[in-house]
Amino acid sequence: MATEQPGPAKPHRVVIVGAGFGGLEATLGLAGAPVQITLVDRRNHHLFQPLLYQVATASLATSEIAWPIRYLLRDCCATGPRSRPCSPR
Ligand SMILES: Cc1cc2nc3c(=O)[nH]c(=O)nc-3n(C[C@H](O)[C@H](O)[C@H](O)COP(=O)(O)OP(=O)(O)OC[C@H]3O[C@@H](n4cnc5c(N)ncnc54)[C@H](O)[C@@H]3O)c2cc1C
């Protein structure tokens with residue numbers, strides 16, 4: 001009687017919606033874990049909201065409080081449609 005052998009375990013997939021403070025922290029916290037992470041955001045940048053007032057009053061430029069998500073995660077994860085598992089920083 002043949003018994004079915006289990007194949008190699010597939011990593012769990014984790015989908016994180018939103019690259020705000022919570023989403024970025026979750027992504028970085030899971031870096032190195034044996035999971036496949038997909039981070040989704042409707043925008044391609046993270047907005048540092050606490051400094052919005054400084055932009056509104058022209059103390060800072062927009063580019064100083066909004067950074068591309070792929071830049072923030074450059075040392076941790078591949079970004080784009082074909083990603084690879086994250087590794088610790
Ligand atoms: C003016 C201002 C000043 C603040 N000052 C402080 C402060 O001094 N100290 C402090 O602790 N907190 C401060 N906060 C609050 C702090 O910014 C928030 O608590 C924090 O940003 C919440 O993080 P979050 O990850 O939950 O959400 P967010 O940082 O808002 O991130 C949500 C992300 O989800 C994405 N998203 C939303 N909907 C969708 C969708 N349907 N599909 C795909 N992506 C989606 C958004 O694009 C965004 O990137 C301030 C907030 C504001 C507005």
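Two strands pair if DSSP finds at least two bridges between them. Keep that in mind for the first stop. The model on your screen is predicted.

**Stop 1: the paired strands**

Select residues 12–17, which form strand β1. Now add residues 35–40, strand β2. The two strands run parallel, and 6 bridges join them. Click on His12 and look across: Val35 in β2 stands opposite. Next, click on Val15. Its bridge partner in β2 is Thr38.

Now trace the chain from β1 through α1 to β2. This β-α-β crossover is right-handed.

How many of the 6 residues of β1 are buried? The count is 0, and the strand is hardly covered.

**Stop 2: the whole chain**

Zoom out. The protein has 3 helices and 4 strands. Along the sequence, they follow the pattern β-α-β-β-α-β-α. Colour by secondary structure and check that order for yourself.

The protein has 89 residues, and 9% of them count as buried. Now think about contacts with a separation of 6 or more. Of these, 39% link residues 24 or more positions apart.

**Stop 3: the core**

Select Ala19, Ile37, Leu39, Leu73 and Cys77. These 5 residues make up the largest nonpolar core. There is a general pattern behind such a group: in soluble globular proteins, nonpolar side chains tend to be buried together.

Stay with Ala19. Which residues does Ala19 contact, leaving aside neighbours within four places in sequence? The answer is Leu24, Leu39, Asp41, His46 and Ile69. Leu39 is also one of the core residues.

**Stop 4: around the ligand**

Show the ligand and the 15 residues around it. Gly18, Gly20, Gly22, Gln49 and Pro50 come nearest. Two elements give two or more residues to this shell: α1 (21–30) and α2 (52–56). Which element gives the largest share? It is α1, with 3 residues.

Colour the shell by residue type. You should find 7 nonpolar, 5 polar and 3 charged residues.

**Stop 5: His45 and its contacts**

Select His45 in strand β3. Is His45 buried or partly exposed? It has 17 other C-beta atoms within 10 Å, so it counts as partly exposed. A buried residue would need 20 or more.

Now show Ala66, Trp67, Pro68 and Ile69. His45 touches these four, not counting residues up to four places away in sequence. Draw a C-alpha to C-alpha distance from His45 to Ile69. The two are 24 residues apart in sequence, yet 4.8 Å apart in space.

**Stop 6: Phe48**

Move along to Phe48, in the loop between β3 (45–47) and α2. Phe48 counts as partly exposed because it has 16 C-beta neighbours inside 10 Å. Add Trp67 to the selection. From Phe48 to Trp67 is 19 residues in sequence, but 8.4 Å in space, C-alpha to C-alpha. You met Trp67 at the previous stop, where it touches His45.

**Stop 7: Ala58**

Finish at Ala58, in the loop between α2 and β4 (66–68). What is special about its phi? Phi is near 65°, a positive value in a residue other than glycine. Now look at the surroundings of Ala58. It has 7 C-beta neighbours inside 10 Å, so it counts as exposed.

Notes
Residues numbered from 1 in each chain as written. Predicted model: local features only at pLDDT ≥ 70, side-chain atom pairs only at ≥ 80, totals over all residues. Near = placed C-beta within 6 Å. Nonpolar A, V, L, I, M, F, W, Y, C, P; charged D, E, K, R; others polar. Buried ≥ 20, exposed ≤ 12 C-beta atoms within 10 Å, placed from the backbone. Right-handed = clockwise from strand over helix to strand, strands pointing away. Contact = placed C-beta atoms within 7 Å. Core = buried A, V, L, I, M, F, W, Y, C linked by C-beta atoms within 7 Å.
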